[in-house]
Amino acid sequence: MDTIEQMLSMLLDGAVETLDISPHLQQLAVERYEEVGTWLAEHGEPDWRIYPQGSFRLGTVVRPSTRTGEYDIDLVCRVLRRKESITQAQLKQLLGDMLHAYLRWKNRQGHTDGPKSCESRRRCWTLEYPDHGFHLDVLPTIPDIEHPPTGILLTDQNLREWQHSNPIGYADWFKRRCEQGRSLVEAKRHLNVADVPDWTVRSTLQRIVQVLKWHCMLRFANDPDKRPPSILITTLAARAYRGEQDLFTGARAVLDGMTSFIENRHGAWWVPNPAHEEENFTDKWNEYPERRLAFIAWHRDIVTVLDDLAGLQGKGLQVIASRMSEGFSAGPVFKSVEGYGDRMRHSRETGALRMTSTGLLTTTATTGPRVRDHHFHGEHPDPRR
């Protein structure tokens, strides 16, 4: 590669690519989502609307770091009621009753592909699919008539006031941010069940968010309560993104700029939802100050990792891979190194690998001495890692 940044970009991109949800699991999750959504739309009240939100909608899903970890797929069920006509508890129970009715219907039909359980959470109902490694969080909501057309109000069993949100507006905003530097099932579904966006090619911003979430997930593997929320990392990264095409350069620039978008409003920490000013993604920091300190520590840690990697120019692929593995995790990194090695080997064998005037290897230069073929020893001894 021409620069250390380009090499690191390829290695990070290759590593995080292994953390993408597989096409098979993506399809399976979409099918389950569409079946649940269709059942709710057909058996619930008129004008119920079901749509995905969160990382599944944004294309920033990252594979869980543990074998027992599950993909978290978030759905919104919008019930056409006014807040004066229903309490948070009644809305939560209304959706819960319908989801339990769906489970009973699946059992009566003799279907074995349904959820194993339906559990109440603080803001949602969770349908578990343990055999497939994912679960669906179904969020009961009503329209926020003060923020049309896509604002919604959420229930929260621990809070008296309705909570504000706007997942559709947020997804539109994130898509516009992605397009700054983008390089790159119908079946029986009810009309009120929206599509899951098809992110077959990730933008640079999506990859940056995946890298940050990956590092964060690993750092807080044993302390998940302090882990910064994905939506906070995604929002700050997208705010700071300036259209960089190169993954490593973009990630480093995002880390430099993201903290400047954390506000302090009269003593309260605040990162607003870009699509709904009243939703604060750092509201928990005001209740649990240690979570802000955890975010700061994580930010400092990943900056150190990337800066260390940038300082390894000329140290060799094995040294770079070793440091990247320390900062992230060995399995995805060494799979990426294998792929990188294969590409370099192919380029060498085909005579496309040259040495630049600065001594770096490149597959893009058209001048400079060709590099003769030789055996590559950069692979990890365990090919499964």
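A residue counts as partly exposed when its relative accessible area lies between the limit for buried, under 20%, and the limit for exposed, over 50%. With that in mind, and remembering that this is a predicted model, select Gln90, whose relative accessible area of 45% makes it partly exposed. Gln90 has its place in helix H4, and if you then add Thr155 to the selection you will find a residue that is 65 places away in sequence, with 9.7 Å between the two C-alpha atoms.

Next, keep helix H4 (residues 88-108) on screen and bring in helix H2 (residues 23-43), because the two axes come within 10 Å of each other and cross at roughly 115°, an arrangement that makes H2 roughly perpendicular to H4. The crossing of H2 and H4 is right-handed. To see what forms the contact, select Glu35, Val36, Trp39, Leu40 and His43 on H2, together with Leu95, Met98, Leu99, Ala101, Tyr102, Trp105 and Lys106 on H4. Colouring this contact by class will show nine nonpolar residues, one polar residue and two charged residues.

Now turn to the largest nonpolar core, which has 60 residues and in which Phe174, Leu212, Trp298 and Leu306 touch the most other members. At least two residues of this core come from each of the helices H1 (4-17), H5 (167-178), H6 (204-219), H7 (230-240), H8 (247-258), H10 (289-310), H11 (317-327) and H12 (330-349). Apart from this core lies another one, of 37 residues, which includes Ile21, Leu99, Leu103 and Ile142; Leu99 will be familiar from the contact of H4 with H2. As a general background to such views, nonpolar side chains in soluble globular proteins tend to be buried together.

Return to the largest core and centre the view on Trp298, which, leaving aside residues up to four places away in sequence, touches Leu212, His215, Cys216, Arg219, Phe220, Ile233 and Met258.

From Trp298, move on to Cys216, which is placed in helix H6. Is Cys216 buried or exposed? With a relative accessible area of 1%, Cys216 is buried. Once residues up to four places away in sequence are set aside, the residues that Cys216 touches are Arg227, Pro228, Ile233 and Trp298. As a last step, select the C-alpha atoms of Cys216 and Ile233, which are 17 residues apart along the chain and separated by 9.2 Å.

Technical notes. Residues are numbered from 1 along each chain as its sequence is written. This is a predicted model: local features need pLDDT of at least 70, side-chain atom pairs count only at pLDDT 80 or more; totals for chains, interfaces and linings use all residues. Side-chain values use heavy atoms; hydrogens and water are left out. Axes are lines fitted to C-alpha atoms, for helices over the stretch in contact, and angles run from 0 to 180 degrees between N-to-C directions. Helices (H or I, at least four residues) and strands (E, at least two) are DSSP runs, numbered from the N terminus. Angles under 35 degrees count as roughly parallel, over 145 as roughly antiparallel, 65 to 115 as roughly perpendicular and the rest as oblique. A crossing is left-handed if the near helix is turned anticlockwise from the far one by less than a right angle, and right-handed if clockwise. Contact means heavy atoms within 4.5 Å. Ala, Val, Leu, Ile, Met, Phe, Trp, Tyr, Cys and Pro count as nonpolar, Asp, Glu, Lys and Arg as charged, and the others, Gly among them, as polar. A nonpolar core is a set of buried Ala, Val, Leu, Ile, Met, Phe, Trp, Tyr and Cys residues joined through side-chain atoms within 4.5 Å. Buried means under 20% relative accessible area, exposed over 50%, partly exposed in between (1.4 Å probe, protein chains only).
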